[in-house]
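Student: I am new to this structure. Please take me through one part of it closely, the sheet, along with what packs on it and which charged side chains pair up.

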Amino acid sequence: MDISILIVDDDKLVVEKLVEGVNWKQLGIGIVLTAYNIRQAKEILEEARVDILLSDIEMPQGSGLELLEWVRNKEIPVECIFLSSYAYFAYAQKAINLKSREYMLKPVSNRELEEALGSIVEILQKKREEQGEGEDKKSAFWERYLLQENYSRSLLEKGYKEGICSPEGKYFLEIIRIFPDSDTKKKKNLVLYHFIIQNVAAEFMEDRIRS
């Protein structure tokens, strides 16, 4: 999935220069969105996936700090860089409190901005890799657990230890019936899978009733 960025600045010339001047493709950013006020930015953030917010601070219809505070309250997972014309300590302090990655003073060169963006892209890519590995790990655990021939307490305890499941958790077993084609060999395999799923479901339900 492409990394996306939202540029927010009331100065359209600044926005155009950023869109045209930064080498987004080389950075690994495939989607560049723009907004010229806080209202437009909020609409985009509510409708589209945004990974990076690149925002001015002082704008006529609301500040970039107010926008990031709104983002944090909404719990939207966005990394942020502020571009500001003002070296105010209070602004920088507020930006830090809102977990902004960078506070850069205008005018900023494309090279400096690309370096800052590159660092954030690396962070995002690492997070995605970790999330992907986590999902693969969960899928592998549940496949092994549900298709095991004999119940294994140690396997379940391993799942607890690794945070994949918990003794207090509630889980729902979803069964998908597969309709085979005319291939006899495939039919035999599907019969076996249906048998396994039925037995696992029965054992699962018996355990829940006992508890």
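Tutor: Start with the sheet of this predicted model. It is open and built from 5 strands, in the order 2-1-3-4-5. The pairing is parallel. Strand 2 (29-35) and strand 5 (102-105) form the edges, and each pairs on one side only. On average, neighbouring strands are turned by 20° against each other, direction ignored.

Now look at what lies against the sheet. Helix 3, residues 38-47, packs on it. This helix touches strand 1 (3-8) and strand 2. The direction of helix 3 makes about 140° with that of strand 2.

Go into strand 1 next. Serine 4 lies there. Is serine 4 buried or exposed? Its relative accessibility is 1%, so serine 4 counts as buried; the cut-off for buried is under 20%. Its side chain reaches the backbone oxygen of arginine 49, at 2.7 Å. Setting aside neighbours within four places in sequence, serine 4 is in contact with several residues, among them Ile29, Ile31, Val50 and Ile52. Arg49 and Asp51 are also in contact with serine 4.

Move across to strands 3 and 4. Strand 3 covers residues 52-56 and strand 4 covers residues 79-84. They pair in the parallel sense over 5 bridges. Follow one of the pairings: leucine 54 has isoleucine 81 of strand 4 as its bridge partner. Isoleucine 81 also stands opposite glutamate 102, in strand 5. Strands 4 and 5 run parallel and are joined by 4 bridges.

How does the chain get from one to the other? Helix 5, residues 89-97, belongs to this part: strand 4, helix 5 and strand 5 make a right-handed β-α-β unit.

A salt bridge belongs to this region too. Arginine 101 pairs with glutamate 79, with the closest N and O atoms 2.7 Å apart. This pair links distant parts of the chain, 22 residues apart. Arginine 101 sits in the loop between helix 5 and strand 5, while glutamate 79 is in strand 4. The two ends differ in exposure. Arginine 101 has 40% relative accessibility, so it counts as partly exposed. Glutamate 79 is buried, because its relative accessible area is 7%.

Side chains of opposite charge can pair when their charged atoms come close. The count comes to 10 salt bridges. Go back to helix 3 for another. There, glutamate 43 forms a salt bridge with arginine 39, and the closest N and O atoms are 3.2 Å apart. Both residues lie in helix 3, 4 residues apart, about one turn of the helix. Glutamate 43 is partly exposed, at a relative accessible area of 39%. Arginine 39 also counts as partly exposed, at 47% relative accessibility.

Helix 6, residues 110-146, holds a pair with this spacing: glutamate 115 and arginine 111 are 4 residues apart, so about one helical turn separates them. They form a salt bridge with the closest N and O atoms 3.0 Å apart. Glutamate 115 is partly exposed, with a relative accessible area of 48%. Arginine 111 is exposed, at 53%. The cut-off explains the wording, because exposed means over 50%.

Finish with a linked group. Asp9, Asp56 and Lys106 are joined in a network of salt bridges.

Methods
Residues are numbered from 1 along each chain as its sequence is written. This is a predicted model: local features need pLDDT of at least 70, side-chain atom pairs count only at pLDDT 80 or more; totals for chains, interfaces and linings use all residues. Side-chain values use heavy atoms; hydrogens and water are left out. Two strands pair if DSSP finds at least two bridges between them. Helices (H or I, at least four residues) and strands (E, at least two) are DSSP runs, numbered from the N terminus. Axes are lines fitted to C-alpha atoms, for helices over the stretch in contact, and angles run from 0 to 180 degrees between N-to-C directions. Contact means heavy atoms within 4.5 Å. Buried means under 20% relative accessible area, exposed over 50%, partly exposed in between (1.4 Å probe, protein chains only). A polar contact is a pair of N or O atoms within 3.5 Å; within protein, one must be able to donate a hydrogen and the other to accept it, and residues adjacent in sequence count only if both atoms are side-chain atoms. A crossover is right-handed if, with the strands pointing away from the viewer, the path from the first strand over the helix to the second runs clockwise. A salt bridge is a side-chain nitrogen of Lys or Arg within 4 Å of a carboxyl oxygen of Asp or Glu.
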